[in-house]
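Here is a walk through one protein model, with stops at its rings, its helix packing and a few backbone oddities. Have the structure open as you read.

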Amino acid sequence: MKLKRLSGIVLALVMAVSVMAPKNLVPVVQVKATTKKVTKKIKLNHKKTTIFVGQKIKLKLKNAKAKKVHWKSSNKKIATVKKGVVKGKKKGKAFITAKYKGKKYKAIITVKKKKKNKTIPVYRKSVKATTVMQGQKMIDGMDQGDNIIVSPVSLNIVLGMLANGANVKAQEDLEKYLGNTKSEYNQNVKNFMKRLSGDKMLYTYNSVWYKNLYQLNVDFEKAMKDNYFADIHKIEMVKEDVETINQWAADKTDKMIPEIISDLKPDTLAILMNALLFKGKWTKSFNNELTNKKEFTLAGGKKKQVLMMHSTEGVYYENRLATGFEKTYGENGEYSFVAILPKKNGKFSMAGLDLEGFLKSGSKEYAVDIEMPKFTYDWNDDGKLNGYLRANGLASIFDAFSNPMGKIFNNNQLAACVSKVLQKCKIIVDEEGTKAAAVTTAVVSKSSMPVHIKERKEVLLNRTFGYMILDNQTGEVLFMGKCMEP
């Protein structure tokens, strides 16, 4: 009986203790969890940063749902914030807070006033009008409505090489196109090549490949070595040499241009080549976190999704036809990317944008918010470069009846002309910078006329005429006739 009463008292005490115990008391018996939930740490991508008046910067809470983040600025006169995008309004300091699930995250934004400067960057006095005009004509002359990229400099270097082997007429035409005499242009190239010897972004190489049955003219070879620092290669000029020449192009362009020629004709005497490679890192790279998919409108009005990069730049361009911006490459802005946006939608020509006036409008008075697609493509002239050169005053270098390239070789009886000029280019643009390459090739072939021509004649069959067809082995007249109405 006493034992039963004692058991009841103990049971009552246990129940009382369990009722009175705190709710957060850890149970004596612990059970191991079968699953472990990992919570990703939430943090702000920029805790402290400096921007300029008018500049924008994107703040982002990592691992947080953007729609549930509440943004607030401590001083909207200094800096505003909307959906994480902060814009500098005037000089000063503001605190930007991001509230998410009851917790606050803070960023300190210092806004500075940008100095006004109406001149274009100090590293560039001006843009060479001749090169602008040449590039404009090349684009418009070969444009078929698709992506296109050309290199006026690479083309000019090859034309300069040709000028050293040209006769009087062809040399005069080449000098007119280049805007310099042969000796002046040789010196310009020499200075250019010397400057690039220590450059880490722009590289250029030249080479001359010629048939081993002949000997190069001493003056021509000296000019190629002294001014163009060209590699000189004596080859058989047979099918097997195609791979060797293409390998040179690939090696000099980081394999961006793996092939420049597809065959070698029996009458090919020489090939003059220039390779140009640009590997520019942006002075201020794009922020990968700001790159997102956006619509891009094609010339015909259709839209497509592209990866669009965003930043704020310091040089703005505008004339009545286009607006644009400049973004530099290198620690000291040694090179630039200049964007040109026509004010009218759809197709456009470079000549229709007054590029010379556009480039003179460069101003550092503004902060320029930009967006720019990542892009990559390659292009080749597909035979159109020959027509472009003929239409722009260089028909003489192709003239098989005047020996325009007779000074390339030592043999005075060897008549030569340019049979074709080729150019291939490629460009890659992303958040880190730009990589672009060009290879330009001039193929020199045998002419069909003897060299020694003291005077040129012209016969135009533009009225009634007679004719004969002869057998030259026998001297017989096979046919004779007259044409009264062709």
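## Ground rules and overview

Helices and strands here are DSSP runs numbered from the N terminus, with at least four residues for a helix and at least two for a strand. On that footing, K284 falls in the loop between β12 and β13. Keep in mind that this is a predicted model.

Overall, the protein has 9 helices and 23 strands. Of its 486 residues, 41% are buried. Take the contacts between residues at least 6 apart in sequence: 64% of them join residues at least 24 apart.

## The loop around K284

So how exposed is K284? Its relative accessibility is 41%, and because partly exposed covers the range between 20% and 50%, K284 counts as partly exposed.

Which residues does K284 touch, once neighbours within four places in sequence are left aside? They are Q55, T312, E313 and K327. There is also G433 to look at: its C-alpha atom is 9.1 Å from that of K284, although the two residues are 149 apart along the chain.

## Aromatic rings

A search of the whole structure turns up 9 aromatic pairs. One of them is W282 with F286, an edge-to-face pair with 5.8 Å from centre to centre and 85° between the planes. W282 and F286 are both buried. W282 also pairs with Y329, and this time the rings are stacked, at 4.4 Å centre to centre with 15° between the planes. That second pair ties together distant parts of the chain: W282 belongs to the loop between β12 (268-281) and β13 (292-297), Y329 belongs to strand β16 (residues 322-329), and 47 residues separate them.

How buried are the two stacked partners? W282 has 5% relative accessibility, so it counts as buried. Y329 comes in at 3%, so it counts as buried too. Zoom out a little and ring pairs link F278, W282, F286, Y329, Y335 and F337 into a cluster.

## Lysines over rings

Two lysines are worth a click. The charged end of K106 sits over the ring of F95, 5.2 Å from the ring centre. K252, for its part, lies over the face of Y205, with 4.8 Å to the ring centre.

## Helices crossing helices

Start with α2 (residues 129-142) and α3 (residues 152-163). These two helices pack at an angle of about 105°, with their axes 10 Å apart. Angles of 65 to 115 degrees count as roughly perpendicular, and α2 and α3 are therefore roughly perpendicular to each other. On the α2 side, the contact uses T131, Q134, G135 and M138, which meet P152, L155 and N156 in α3. By class, the residues of this contact are 3 nonpolar, 4 polar and no charged.

Now try α4 (residues 168-178) and α9 (residues 384-394). They pack at about 95°, again with an axis separation of 10 Å. That angle makes α4 roughly perpendicular to α9. Here D173, L174 and Y177 in α4 meet Y388, N392, G393 and L394 in α9. The contact of α4 with α9 divides into 4 nonpolar, 2 polar and 1 charged residues.

## Helix α7 and its cover

Which residues of helix α7 (residues 240-252) are buried? The list runs D241, V242, I245, N246, W248, A249 and A250. The cover over these buried residues includes β10 (202-211), β11 (231-235), β12 and β21 (433-446). Just after α7, D254 takes a positive phi of about 55°.

## Positive phi in two loops

F229 has a positive phi, near 50°, despite being a residue other than glycine. Look for F229 in the loop between α6 (218-226) and β11. With a relative accessible area of 37%, F229 is partly exposed.

N403 is not a glycine either, yet its phi is positive, at about 50°. Its place is the loop between α9 and β20 (416-429). Is N403 buried or exposed? Buried means under 20% relative accessible area, and N403 has 9%, so N403 is buried.

How values were computed. Residues numbered from 1 in each chain as written. Predicted model: local features only at pLDDT ≥ 70, side-chain atom pairs only at ≥ 80, totals over all residues. Heavy atoms only, no water. Phe/Tyr/Trp six-rings, centres within 6.5 Å; stacked < 30°, edge-to-face > 60°. Buried < 20%, exposed > 50% of the residue type's maximum accessible area, 1.4 Å probe, protein only. Lys NZ or Arg CZ within 6 Å of the ring centre and 35° of its normal. Axes fitted to C-alpha atoms, helices over the stretch in contact; angles between N-to-C directions. Parallel < 35°, antiparallel > 145°, perpendicular 65-115°, else oblique. Contact = heavy atoms within 4.5 Å. Nonpolar A, V, L, I, M, F, W, Y, C, P; charged D, E, K, R; others polar.
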